Amino acid sequence: MEWDDVRVFLAIARHGTLAAAARSIGQTQPTLGRRLRALEQSLGQTLFQRTPRGFILTEAGMAVRSHAERMEEEAIGFVRTLAGQSQALSGLVRVSSSDWFGIHVLTPVFATFLRKHPQVSIELVTDARRYSLARREADLGVRITPFEEPDIVQRRLMHMSYALYAHQDLVAPTGDGTGHALITMDSAFAELPDVQWLRHVLPGARVAYASNNRGAQAYMCAQGMGLAVLPCSLGDTTPGLRRIDVGDPPPGRDVWLGYHRDLRRLGRLRALIDAMVEQLGGPPA
């Protein structure tokens with residue numbers, strides 16, 4: 001059995017379609033189809049039921065999935081261990097973060113770092129989902145909540161302040177905000193501290209626009225569509241916005257960075273982390 005065939009099996013099991021699985025591992029859909037058929041023929045078992053909605057694991061497929069995942073852990077651990085020995089300041093570092101944070105906070109740091117270390121390549125991936133550090137979907141993750149995965153080395157990178165913003169020509173709200181419009185996170189993020197603060201401070205205001213994308217919120221706020229609680233790193237750099245003082249500011253958030261312990265001696269990763277901490281002002285580890 002070839003490890004690449006096991007990767008194909010796991011990708012299809014996780015994503016449910018050949019197209020999505022192919023994108024996840026960088027292969028073509030026809031190639032995955034051929035590899036899967038060859039694997040099933042070599043095993044003498046059908047691993048997936050083909051349906052109009054996609055691929056569903058058969059009993060045989062479900063029985064071997066946990067074994068395949070353990071094979072994956074060992075294979076990726078093998079690569080991580082070797083990668084973690086390199087002290088050279090060259091090669092690729094893959095970083096995951098939210099979209100606005102990657103653009104407005106991390107990219108300026110990366111630009112300074114790359115001017116100093118031109119042999120290093122940084123790949124920034126921004127997505128709503130959390131990339132797996134154990135499977136090396138990313139070498140370094142940046143999040144607003146601590147990491148809960150095992151074997152992750154983490155530290156607080158910075159504290160992120162928030163403020164209430166409005167278009168520079170918008171009249172500031174008074175009282176409970178009646179007559180004003182709000183721009184906020186969508187309902188899936190209704191429990192976030194800044195969302196709760198906004199509803200508490202301006203209970204009479206109506207929600208005009210909601211999005212899980214902070215950049216979209218900032219754009220709508222700059223168009224004069226309403227008041228928005230934004231990270232100061234984003235709001236202060238968005239043309240046309242000004243801060244609105246309604247007393248106590250919204251609660252801030254800590255930002256955490258993490259990487260797998262097997263990469264703790266990777267020279268280029270350590271150098272990048274040191275640069276991020278130095279420029280963004282995190283406390284000592």
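This report describes selected elements of a predicted model, moving from an open sheet and its helices to a proline in a loop, a covered helix and the salt bridges.

## The five-stranded sheet

Five strands form an open sheet in the order 9-8-10-7-11, and their pairing is mixed. At its edges lie strand 9 (206-210) and strand 11 (241-244), each of which pairs on one side only. From one strand to the next, the twist averages 40°.

Strand 8 can be followed to its partners on either side through individual residue pairs. Towards strand 9, with which strand 8 runs parallel, the connection consists of four bridges, and in this pairing Thr184 stands opposite Ala210 of strand 9. Towards strand 10 (residues 227-231), strand 8 (residues 181-184) is again parallel, and here two bridges join the strands; Ile183 is the residue that stands opposite Ala228 in strand 10.

The connection from strand 8 to strand 9 involves helix 6 (residues 193-201), and these three elements together make a β-α-β unit that is right-handed. A further helix, helix 7 (residues 214-222), lies across strand 7 (162-167), strand 8, strand 9, strand 10 and strand 11, and its direction makes an angle of about 135° with strand 10.

## Pro251 in the loop between strands 11 and 12

Pro251 is placed in the loop that lies between strand 11 and strand 12. With a relative accessible area of 32%, Pro251 is partly exposed, since this value falls between the limits of 20% for buried and 50% for exposed residues. When neighbours within four places in sequence are left aside, the residues in contact with Pro251 are Tyr162, Pro193, Asp194 and Trp197. The C-alpha atom of Pro251 is also separated by 9.7 Å from that of Val195, a residue 56 positions away along the chain.

## Helix 9 and its surroundings

Helix 9 comprises residues 267-280, and its 14 residues should span 20 Å at 1.5 Å a residue; the C-alpha atoms at its ends are indeed 20 Å apart, so the expected and the computed span agree. Just after this helix, Gly281 takes a positive phi of about 80°.

The helix is mostly covered, ten of its 14 residues being buried. These buried residues are Gly267, Arg268, Leu269, Ala271, Leu272, Ile273, Ala275, Met276, Val277 and Leu280. The elements against which they pack include two consecutive pieces of the chain numbering, strand 3 (91-97) and helix 5 (99-116), as well as strand 4 (120-126), strand 5 (140-143), strand 6 (152-160) and strand 12 (253-260).

Which side chains of helix 9 meet in a salt bridge? The pair is Arg270 and Asp274, with an N to O distance of 3.9 Å. Both residues lie within helix 9 and are four residues apart, about one turn of the helix. Arg270 is partly exposed, at a relative accessible area of 28%, and Asp274 is likewise partly exposed, at 44%. Elsewhere, Asp151, Arg261 and Asp262 are joined into one network by salt bridges that share partners.

## Salt bridges in the model

The count of salt bridges comes to 15, and three of the pairs are set out below with the accessibility of each partner.

| Pair | N to O distance | Relative accessible area |
|---|---|---|
| Arg7 and Asp4 | 3.9 Å | Arg7 27%, Asp4 34% |
| Glu123 and Arg94 | 2.3 Å | Glu123 33%, Arg94 22% |
| Arg270 and Asp274 | 3.9 Å | Arg270 28%, Asp274 44% |

The salt bridge of Arg7 with Asp4 is contained in helix 1 (residues 3-15), where the two residues are three residues apart, about one turn of the helix. Arg7 counts as partly exposed at 27% relative accessibility, and Asp4 is partly exposed as well, at 34%.

In the salt bridge between Glu123 and Arg94, the closest N and O atoms are 2.3 Å apart. Glu123 belongs to strand 4 and Arg94 to strand 3, so this pair ties together parts of the chain that are 29 residues apart in sequence. Glu123 is partly exposed, with a relative accessible area of 33%, and Arg94 is partly exposed at 22%. Strand 3 and strand 4 are also among the elements against which the buried residues of helix 9 pack.

Notes
Residues are numbered from 1 along each chain as its sequence is written. This is a predicted model: local features need pLDDT of at least 70, side-chain atom pairs count only at pLDDT 80 or more; totals for chains, interfaces and linings use all residues. Side-chain values use heavy atoms; hydrogens and water are left out. The expected span of a helix is 1.5 Å times one less than its number of residues. Buried means under 20% relative accessible area, exposed over 50%, partly exposed in between (1.4 Å probe, protein chains only). Contact means heavy atoms within 4.5 Å. Two strands pair if DSSP finds at least two bridges between them. Axes are lines fitted to C-alpha atoms, for helices over the stretch in contact, and angles run from 0 to 180 degrees between N-to-C directions. A crossover is right-handed if, with the strands pointing away from the viewer, the path from the first strand over the helix to the second runs clockwise. A salt bridge is a side-chain nitrogen of Lys or Arg within 4 Å of a carboxyl oxygen of Asp or Glu.
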